[in-house]
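Q: Please take a close look at one part of this model and describe how its strands and helices are put together. A connected account in formal terms would be welcome.

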Amino acid sequence: MNKRLIKPTRLLAMALILVLLLTVYLVFLYDLQIVQGEEYYNRSNELSDEVRTVTATRGNIFDRYGRLMVGNTECYNLKIDTDKLFANEDPNAVILELVEMVESFGDSYTDDLPITMEPPFEYIDDMTEIQRTMLDAYFTDKTRVKEFDEMGIPSNPSAVELMSYMRTRYDIDNSYTAEEMRIIAGVRYSINVRYSVNTSPYVFVEDAGMKLISSIMEQKLVGIDVERAYVRKYSTEYAAHILGYTGLMTQEEYERYSLLDYANDAMVGKDGIEYAFESYLHGTDGEVIEIKNASGTVLSTVYTKEPVPGNHIYLTIDSVLQEQTERILASGVEALKRTQEQAKAEAAGRGETVDPEFKDEITGAAAVVVDVRTGEPLAMASWPTYDVSTVIENYQELMETPNAPLFNRALLGTYAPGSTFKPCTAIAALTQGIINTEDKVKCEGVFTKYAADGYAPECWIWAEGYTHEEENVTYAIRDSCNYFFYTISDTLGVDAMGEVAHSFGLGVPTGIELVETTGNMSNRANHADYAGTEWRIGDTLQAGIGQADSIFTPLQMAEYCATVANGGTRYSASILKSIRSYDYSEKLYEREPEILSTVESADYNWAAVHEGMYEVLHDWANNGKNVEHWVDCEWEVAGKTGTAQKGENIQNDGLFMCYAPYDDPEVAIFVVVERGGAGANVQFIARNIMDAYITIRGYSDTSEEEMSLLK
């Protein structure tokens, strides 16, 4: 076999190549470790790790059929890295550039300084509570107190004095105009004040637009961090007073929620469902460690605690019925306004004098729909209302808007019930044996028993020159005879009347989880607090017809009507249908009807009252105008009108309640219009709501699949 020999020249070439490669390697190694070693060592030390809270997604809010009412949508916030910002040679110029960029893209930045944007500088008139809290904290900060003293600035400086201080404090030189100085001072104040008060870190731009974010990324602006966040998304324009809204914690809220391990930048419920069920909706925040390089780029993330999203809330509200109820109430108010204006015009045409001091402008209204069989609220409307998706931005404007659109009249408004209270008086008197269903009272027009004491109240029909015939309780309800109810109230007494009223849920909590007013059933104990006078016998008579100082909320009145309809069983008005875990896999709570009280009375007593309420809407001879509203309704309806006196020179409130179907009650409705004039005037609103309920109930495509989720 012949052996093949490698030539020496080839061996030499290979050796030279290896030596060359080794030399290059050693040169690069020397450069990295010796020449540039210190630089690379410093760079490696610029890597930083940051522990960041991962905000848990807030739970969703659904209606009774699983329709989404409030959810979440992803957004991006811009935050300022103050270390990098103030490492700039002129951080004020950077702030001004950033603000100009934000505004050029149509976004807005956070400026908490409550001073006008242009000279002469003054504190703004519509300073919010949070702005006031921040400003006070800024003034009382130890550093500020010392600097104020050194510069001869008072502890509570004027806006001009504060701006002068800020020009010096923040090194804003005179090359900047007064307007530019104000912009710079606003951002720096917003950053600084958060060190003086326990609140969320400064967010320069919330929910930034993608064009702005893209521009910042393209320009590689140092000191601006883009962070992912979530904001509440409302799937309905309605139910604002029910749903409520979320916002950053105030100092007082932080002191409470910090005990529950809330982050200091947590969004919390401020009103309505968002507030009432905060503990279920909030979830548990997670924690992540982010490794960043010197440019701020996140190199790696390690979750040390996974976030747990909030649970989902299902309400008893029917969102479709809620929308229709709000629409009907708003259009009904507008119709009443037109009617009032037309009446004024006709009066002027007849040469009648219209008292310019007479207050008859409608200031508010409410409508509530409840399930007679369970007490569940199905719809609660308050007029005027507002857009809950922009309530934070427009809060101060809404606070100053006439007729208080933020005020939830359905739960917080209190109204004298007027004649809608008479079924309660009737049941109380029948149950106590003051009268029976056949006993009759002759209406004399004027109740003169206490005339010698200067008190002789009249029946409403007396002003028209008539009296009612001798009537039993059924016909007295039909005709709303004040004289009849003066007579039985005088014997019954306010104490017995009050006990029954409370059993009906009037003047006591309804069981709803939202903030509500309990109202007041007229009584001796607190009469002076409401009326400013001592109790007199006339107050008992007035209480019997729904006047005196009895005031109740629309929700209480709707539940009262439902209790009358079902023969005395008062259910809780809880608005919570069920709660499900964040992944929908587990039902954490399911509502069962809860009986709060029972009005015990014989069936024939209830039958007499029910028949009277039926006659209110079906007796052509005595209530023809009412019958016209209901004659073609698909269901037979029973109801009661009410007119509540507001005082001298003020138009009466109009109230109306009803339930249906008459022979097997399912739904109860209550409507009140402030200065609506009379109950008969506002019942068309209830009729339209009843029609909407019947139509919605009959939808052939009502989602049984969705409903089955709640079973």
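A: The hairpin of S13 and S14 is a suitable starting point: Arg580 has Lys587 in S14 as its bridge partner. The model is a predicted one, and the description that follows should be read accordingly.

Strand S13 covers residues 576–580 and pairs with S14 in the antiparallel sense, over three bridges. Six residues lie between the two strands of this hairpin, and Tyr584 adopts a positive phi near 65° there.

The hairpin belongs to a wider arrangement. S13 and S14 stand at one end of the order S4-S3-S2-S9-S13-S14, an open sheet of six strands with mixed pairing. Its edge strands are S4 (224–234) and S14 (587–590), each of which pairs on one side only. Further along the order, S2 (residues 61–62) and S9 (residues 312–315) run parallel and are joined by two bridges. Within that pair, Ile61 has Ile313 in S9 as its bridge partner. As a general point, the strands of a sheet pair through backbone hydrogen bonds, in either a parallel or an antiparallel sense.

The next element to consider is helix H14, which spans residues 319–349; its axis and that of helix H25 (residues 679–697) come within 9 Å and cross at roughly 155°. An angle over 145 degrees counts as roughly antiparallel, and H14 and H25 are therefore roughly antiparallel to each other. Their crossing is right-handed. On the H14 side the contact includes Val320, Leu321, Gln324, Thr325 and Ile328, and on the H25 side the participants include Asn681, Val682, Phe684, Ile685 and Asn688. By class, the contact of H14 with H25 comprises 13 nonpolar and five polar residues, with no charged residues.

H25 also leads to a second sheet. This helix lies across S10, S11, S16, S17 and S18 (667–673), and runs at about 35° to S17. These five strands form an open sheet in the order S11-S10-S18-S17-S16, with antiparallel pairing. S11 (377–383) and S16 are the edge strands, each pairing on one side only. From one strand to the next, the twist averages 5°.

At one end of this second sheet, S10 (residues 365–371) is joined to S11 by six bridges, and the two strands run antiparallel. Ala366 stands opposite Ser382 in S11. At the other end, S16 (residues 638–644) pairs with S17 (residues 653–660) in the antiparallel sense over seven bridges. Here Thr641 stands opposite Phe656 in S17. Although S16 is an edge strand, six of its seven residues are buried, so S16 is largely enclosed by the rest of the structure.

A residue of another strand offers a further point of detail. Thr53 lies in strand S1 (residues 48–54) and, at 36% relative accessibility, counts as partly exposed. Thr53 touches Ala263, Asp285 and Gly286, when residues up to four places away in sequence are not counted. Of these, Asp285 is 232 residues from Thr53 in sequence, yet the C-alpha to C-alpha separation of the two is 6.6 Å.

In summary, the S13 and S14 hairpin forms part of a six-stranded open sheet with mixed pairing, while H25 meets H14 and lies across the five strands of the antiparallel sheet.

Methods
Residues numbered from 1 in each chain as written. Predicted model: local features only at pLDDT ≥ 70, side-chain atom pairs only at ≥ 80, totals over all residues. Heavy atoms only, no water. Pairing = 2+ DSSP bridges. Helix = DSSP H or I, 4+ residues; strand = E, 2+ residues; numbered from the N terminus. Axes fitted to C-alpha atoms, helices over the stretch in contact; angles between N-to-C directions. Parallel < 35°, antiparallel > 145°, perpendicular 65-115°, else oblique. Left-handed = near helix turned anticlockwise from the far one by under 90°. Contact = heavy atoms within 4.5 Å. Nonpolar A, V, L, I, M, F, W, Y, C, P; charged D, E, K, R; others polar. Buried < 20%, exposed > 50% of the residue type's maximum accessible area, 1.4 Å probe, protein only.
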